Amino acid sequence: MNHSDLELQLLGRLRAKGKSATALGIDLGTTKTSVAVAHFDAAAGTLRCECLRFAQSDGTSRVAVPSAVAITADGSAVFGAQALALRGKKGTFPERNLFYETKNQIGLRYTHARAPKDFRTPTEIATQLLRHLREGIVDPLARNAKLPVVLAVPASFHGAQRYATLCAAVRPFEAKSAKDVRLIDEPYAAFVDLKFRSPDRADALLREGANILVFDFGGGTCDVAIFHIDAVRGGTLGARLVGTSRYHRLGGGDIDRAIVHDVLIPQLIDENGIDRFAVSWYDKRRKLEPQLLEVAERLKIALSHRLAALRAAGMQAGDDETVHAVAMTVDWNDQILSLDEPSLSLAQFNKLMRPFLDPDPPPEAGDEYVQRSSMFAPIAQALLRARLEPDDIHGILLCGSSSLLPSVQEALKKRFPESQHVLLGDAEELQGTVARGAALQALSLQVLGEPVIAPVCSADLSLRVTTGTVPLLRAGDAVPNAAAAPTLLRPPRNSQRDQVPLSIEIVADNNRIVGRSLWSLPAPVSIDDRLALEWKLDDNQCVELRLSRMDSPDTEPFVHRFDAPIMHRDPGQVVRCRMLEREEAIRNDEIPRADFGEAFEKHARDCATLGEYEKALHFIGLAMQESGQTRNLFNLRGIYREKIGDRDGALDSYHQAGDWSTAKFNAGLLHYKNDRLAQALADVDVALQNESSRAYHALRGDILAKMGKRDEARLEWQDAVAGTPELATLNDFELGWIESAARSLDDKAMVERTRDARRKLTQRSERGEREGVLPALVQADPQPAEPEIL
């Protein structure tokens, strides 16, 4: 069957129904939002799908409206470009009366505590924006569109984020039931739009058995999804999601921020004769950046257009190719700073783009100002999750306005030279891709009662039991789905007095734990008890398990919802979510004032984990205000000052920590790195007088070796690896120094032992420790019960 002629397929079925219909689809983006209308005219027998245009305050109209809301001095709300124009203005404060890029927080436990009523959560901000767009529709057919409305969400959104997105649309569209607002994963919507607008290219790309990578590089996020194309449900195109990854702080806006912090702020500092260490993280991030973002975006667009024009003319741009913006002034701490000629050269742009285009990216990159992770980081994670190599990808569908950057397209072609690359249209057409696909999905649901594109289960799902696993669903099974009959389990042991904690673990593809929870069975517990397992998988591929004790109806059943098993968030996102929740707890007085110092220190450590050292220093300062100037905080301040290149400030902080061995070790290490060997040796000797440590001996050996005292160095390295250290009890810091000493001694056996211990430590950290015991499967061969616990 030819799956590409989507328009003909839809038309045939719509004509058979014989009723005119109109539906809306929405791409609620991080930086921009689009609304599309799909209309079937029964009398004419025609189907059209297009993005709606919205009038702007400057008299123009756009299909993509900035996802921004601001509250003016008179209390009225303004939206889109008009709201963004207030960014950096006096009296305008992010998360108080200006809200943008809030999609990154939707569904998280995060509020805008100082904002007015109805603007205090990301969901409420989304509701305000959707209501504004709904009221701004002038097309008469679109104004009278019937439900359901379909909103597109990233494939990696977890259950709480999806639910919050649904809630945001309820009031603007007067939804009465769950069926009135539906979701579609953004890559699915892009598929639908491709098949509708370009059937020939879709036929070549979306063939059965193909692996398709959808690369959505937008203004605020980089979403990657890999699909395997199937035909399911009587010929309807099915796409099985096999891998996804979302970097929620990696997009065109981060390129703009990189221009601000790498190019424009240095220009501003140089032009006005300011000491670079005199401008704090808070000043750069909160005061200067908002005033410079707009000019950064203009410079980026101007340079991209210039490069495209040169290529079209068959000319090559040199590194000195430069674009300029008009002179401007910037307000900084009641000073007016001038920037006479903001500029961006190709050499500067290529340099700041390198980390974004790194084909072999580190796990986490960036700083407190810009998320600089490579666009290949989510690609690599999605490929790993799908168990595919780059050569296994048959086609790439490019979405999002940042995909238009020539350097982005060139990097993708270099990485996937054998794949077919599909980029449909200019910036405006790309911005409407997802919304158009969502509108067609909405029309099909409204008239035909079924989706245009059918999602299927992304992975083999099973429940872990004592003897292995119990299959629940297979990859490719229809979604939604549910158990046809309960599966019978039993406790693995008897217990007369104590409850038995059952570990409930969902496993994907037989080897990856994607969900874990605990069910405490009240005593008495017998291996003869029967536990009924039921499950269901919803449209969003979230699994709900229900375990009930068949012979004890009074026992509270276990009911737990696990997020989509194929979802992936980068580790940095987990840390950022933790930081947001900690900030929320401080704002809501959930943390006692006496614990503020500890909370700020944890915040600083999280910032450092993300490479955001100037921001970490900001929170160390707050921790000192609450807890006093402790040696631990002085030591941390030294570490973070060293990371930003302030070596003198770092040494000063280490010395303020006194003779504490940790700070002395760090001071000695800094001296060693800068070839101040006598000072390094003196500091490490103080550290060793206070505490004998394998790491300290290893560093002392390195210092002596650099001084030419090789025999003395060998004695220190031998002390570092002496005896038979219990490597499993050591942390990665200690293991790293032992490995370094073993390498200096050419002790290959110890090097391998420490490397193995470090690998196991990493695996334990990633896997987590199981609490409780696994249930047993009743149908399995009888297993001896564990000893009874009295």
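Two strands count as paired if DSSP finds at least two bridges between them. Helices here are DSSP runs of H or I with at least four residues, strands are runs of E with at least two, and both are numbered from the N terminus.

I'm working on a predicted model, where local features need pLDDT of at least 70, side-chain atom pairs count only at pLDDT 80 or more, and totals for chains, interfaces and linings use all residues. Residues are numbered from 1 along each chain as its sequence is written, and side-chain values use heavy atoms, with hydrogens and water left out.

**Strand β29**

I looked up the partners of β29 (residues 531-537). Strand β25 (residues 487-490) runs antiparallel to β29, joined by 3 bridges; in that pair I found Leu-489 partnered with Leu-531. Strand β24 (residues 481-482) is antiparallel to β29 too, with 2 bridges, and Asn-481 sits opposite Leu-537.

Next I checked β30 (residues 543-549), which pairs with β29 in the antiparallel sense over 7 bridges. Arg-549 of β30 stands opposite Leu-531. The two strands make a hairpin with 5 residues between them, and Gln-541 in the turn has a positive phi of about 60°.

Is β29 enclosed or open? I noted 5 of its 7 residues as buried, so the strand is largely enclosed by the rest of the structure. (Buried is under 20% relative accessible area, exposed over 50%, partly exposed in between, with a 1.4 Å probe and protein chains only.)

**Helix α17**

I then went to α17 (residues 613-627), which has 15 residues. Its buried residues include Leu-617, Phe-619, Ile-620 and Met-624. After the helix comes Gly-628, with a positive phi near 90°.

Terms used
The expected span of a helix is 1.5 Å times one less than its number of residues.
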